[in-house]
Amino acid sequence: MTWRRSFSWFVAVATLVMPAAACGQEGAPQSAAQLYRTGKYAEAIRAAEVAIAADSSHPASIILVRALSEVGRWKDATSVG
């Protein structure tokens, strides 16, 4: 098989598999970043706090600061470390 044929085969299989995989994510919890982007700031704050509690070096601290600022919790936003 040439690389073009292999690549074409991969694209065809991915096209069939990806929609099924996406449907399986309907019940999956959303990340803090996804919640923040959709304007669900209170939920983003909770999700970020959970992620940070599990791993203190998690990048969700950036989302936490932004979400806290959006809802006017400036003092809390400045204390995130």
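Helices here are DSSP runs of at least four residues, numbered from the N terminus, and L68 sits in one of them, helix α4. The model behind these views is predicted.

**View 1. The whole chain is built from helices, with no strands.** Count along the chain and you get five helices and zero strands. Reading from the N terminus, the order is simply α-α-α-α-α. The chain has 81 residues, and 16% of them count as buried. Its accessible surface adds up to about 6,200 Å², with 61% of that belonging to carbon and sulfur atoms. As for contacts between residues with a separation of 6 or more, 26% come from residues 24 or more positions apart.

**View 2. Helices α3 and α4 cross at roughly 150°.** Two packed helices are described by the angle between their axes and the distance between the axes. Here, α3 covers residues 41-54 and α4 covers residues 60-70, and their axes come within 9 Å. Angles over 145 degrees count as roughly antiparallel, and the crossing angle is roughly 150°, so α3 and α4 are roughly antiparallel to each other. The crossing has a hand too: left-handed.

**View 3. Residues of α3 meet residues of α4.** On the α3 side, the residues taking part are Y41, A44, I45, A48, E49, A51 and I52. Facing them from α4 are A60, S61, L64, A67, L68 and E70. Zoom in on one pair, L68 and A44: they are 24 residues apart in sequence, with 9.2 Å between their C-alpha atoms.

**View 4. L68 is a buried residue of α4.** The relative accessible area of L68 is 3%; buried means under 20%, so L68 makes the cut. Leaving out residues up to four places away in sequence, L68 touches I45, R73, W74, D76, A77 and V80. I45 belongs to α3, while R73 and D76 turn up again in the next view as a salt-bridge pair.

**View 5. R73 and D76 form a salt bridge through their side chains.** The N to O distance is 2.8 Å. A search of the whole structure finds one salt bridge. How exposed are its two partners, R73 and D76? R73 has a relative accessible area of 36%, so this residue is partly exposed. D76 is also partly exposed, at 33% relative accessibility. Both R73 and D76 touch L68, the buried residue of the previous view.

Notes: Residues numbered from 1 in each chain as written. Predicted model: local features only at pLDDT ≥ 70, side-chain atom pairs only at ≥ 80, totals over all residues. Heavy atoms only, no water. Salt bridge = Lys/Arg side-chain N within 4 Å of Asp/Glu carboxyl O. Buried < 20%, exposed > 50% of the residue type's maximum accessible area, 1.4 Å probe, protein only. Helix = DSSP H or I, 4+ residues; strand = E, 2+ residues; numbered from the N terminus. Contact = heavy atoms within 4.5 Å. Areas by Shrake-Rupley, 256 points an atom, 1.4 Å probe, with all protein chains shown as cover. Axes fitted to C-alpha atoms, helices over the stretch in contact; angles between N-to-C directions. Parallel < 35°, antiparallel > 145°, perpendicular 65-115°, else oblique. Left-handed = near helix turned anticlockwise from the far one by under 90°.
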